Amino acid sequence: MELNLDSEVLKAYGFTKVNTIITPIGTGLINRTYLLSPVSEENKFILQNINTSVFKHPQNIASNLKLIANYLATKYPAYLFIKPISTFGGEEMAFINGEYWRLLPYISHTVSLEVLNEPQQAYEAARQFGKLSRLLADFDTNTLQETIPKFHDLSLRVDQFENALKLAPTELKIIAKQQIEDATSQKHLLDYFNSFSHREDFPDRVMHHDTKISNVLLDAKTFKGVCVIDLDTIMQGKFISDLGDMMRTYLCAFSENETDLSKINIRLPHFEAMIKGYLSEMKSILTETEKKLILFSGKYIIYMQALRFLTDFLNGNTYYPINYPTQNLDRAKNQFKLLHELSVNEKELQDIIESNL
Ligand code: GN1
Ligand code: MG
């Protein structure tokens, strides 16, 4: 991969191209991420280029992280919250040739998993995300900016899907016929959400909004959770965002890129471990309404992600990078299958939730 990395960026943080080993790292679809290993330093760093077509106002991310970091440092000084390192000029980001960059500490002796294998890893990850929400339960969410407007708003995602459908070329609509039907037939999930969304006991909370397994650092030896990373989408949301995205990404042994749908199944031991980990932190915080919506959180987020992939396919793949033309359609198929599996296993899953509440 070409390292499109201006040496001005390194200079802003006091490094040079000559004295620093730069390696691309991570598999995120949105930002470009590099590991910096400066020869003169014991520490390593993470350098990230912020995708400004997705995050239109990167200063909103910086502002959220600053508020949350200050709050946590005062109330819970032992908590490891990964906040950006300032530039030499004292800025939270480096703005170089029209691009925003930020530097983060690299946390040694940890691993980030691409695939979740053991149930214990689901426990640890869910516990870390639950912990972040618990520590921030009294934080004033109104002080946070929306880093991506209406990011997890399902009605927006349904509207975007319907618009894409209106504008899509006929040949794409023919290929995606089944998934378009699936998308339409599951719209009741939005109605169900709307029947709760204005209740007082369905509060806004601080949500991470991207709780996939690779966004948790685990201790490289013990696999205990260390901290959460990828904090661009920390903002106000409903609890379903984090737990739902964990269901989307922890329960199946294969990722959203798997095209053999017979492999898209739900692992009950991983579900149980995830619920236990999350509730070990959040049980005393969640309201009765929220507790009722635990399983629904998975349906909401998986459906939303299916819609997002399908919409992007119909739009000609403008948002998610692809390796082949129908990849976003395949991702949508994968997510609809996962949604189906959640419904098929509903009784067992709900029993597990209830026995842990
Ligand atoms: C994007 O880039 P990454 O993998 O962190 C997306 C998430 C999706 C995910 C699906 C800002 O996250 O919402 O769930 O892809 N992030 C954004 O792989 O759109
Ligand atoms: Mg992310």
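**Entry 1: the five-stranded sheet**

I started with the strands of this predicted model. I found an open sheet of 5 strands, and reading across it I noted the order β1-β2-β3-β5-β4, with antiparallel pairing. Which strands stand at the edges? I wrote down β1 (20-24) and β4 (94-96). Each has a single partner strand, so one side of each is left without a neighbour in the sheet. I also looked up the twist, which averages 30 degrees from one strand to the next.

Next I followed the edge strand β1 to its partner. β1 pairs with β2 (residues 32-38) in the antiparallel sense, over 5 bridges. A handy spot to find this pairing on screen is P24, which stands opposite Y34 in β2. I kept a general reminder beside this: in a regular strand the side chains alternate between the two faces of the sheet.

**Entry 2: the three-stranded sheet**

I then turned to another open sheet, this one of 3 strands in the order β6-β8-β9, again with antiparallel pairing. Here β6 (110-111) and β9 are the edge strands, and since each has a single partner strand, one side of each is left without a neighbour in the sheet.

How many bridges join β6 to β8? I counted 2, with the strands running antiparallel. V111 stands opposite L218 in β8.

On the other side of the sheet order, β8 (residues 216-219) is joined to β9 (residues 225-228) by 3 bridges. I marked V216, whose bridge partner in β9 is V228. These two strands, β8 and β9, form a hairpin with 5 residues between them. In its turn I stopped at F223, which has a positive phi of about 60 degrees.

**Entry 3: ligand 1**

Now for the ligand. Where does ligand 1 lie with respect to the two domains? Domain 1 (7-106) and domain 2 (120-356) both give residues to the shell around ligand 1, so the ligand lies between them.

I listed the residues around it: there are 15, and L29, D210, K212, E256 and Y319 come nearest. By kind, the shell divides into 7 nonpolar, 2 polar and 6 charged residues.

Then I looked for polar side-chain atoms beside oxygen atoms of ligand 1. For E256 I noted a distance of 2.5 Å, and for Y319 the value is also 2.5 Å. Q305 has a polar side-chain atom 2.8 Å from an oxygen atom of ligand 1. How much of the ligand does the protein cover? My note says 93% of the 450 Å² of accessible area that ligand 1 has on its own.

Definitions and conventions
Residues are numbered from 1 along each chain as its sequence is written. Chains are lettered from A and ligands numbered from 1 in the order in which they are written. This is a predicted model: local features need pLDDT of at least 70, side-chain atom pairs count only at pLDDT 80 or more; totals for chains, interfaces and linings use all residues. Side-chain values use heavy atoms; hydrogens and water are left out. A residue is near a molecule or strand if one of its heavy atoms lies within 4 Å of it. A polar contact is a pair of N or O atoms within 3.5 Å; within protein, one must be able to donate a hydrogen and the other to accept it, and residues adjacent in sequence count only if both atoms are side-chain atoms. Accessible areas come from the Shrake-Rupley method with a 1.4 Å probe; for residues, only the protein chains shown count as cover. Ala, Val, Leu, Ile, Met, Phe, Trp, Tyr, Cys and Pro count as nonpolar, Asp, Glu, Lys and Arg as charged, and the others, Gly among them, as polar. Domain bounds come from an automatic or database domain assignment. Two strands pair if DSSP finds at least two bridges between them. Helices (H or I, at least four residues) and strands (E, at least two) are DSSP runs, numbered from the N terminus. Axes are lines fitted to C-alpha atoms, for helices over the stretch in contact, and angles run from 0 to 180 degrees between N-to-C directions.
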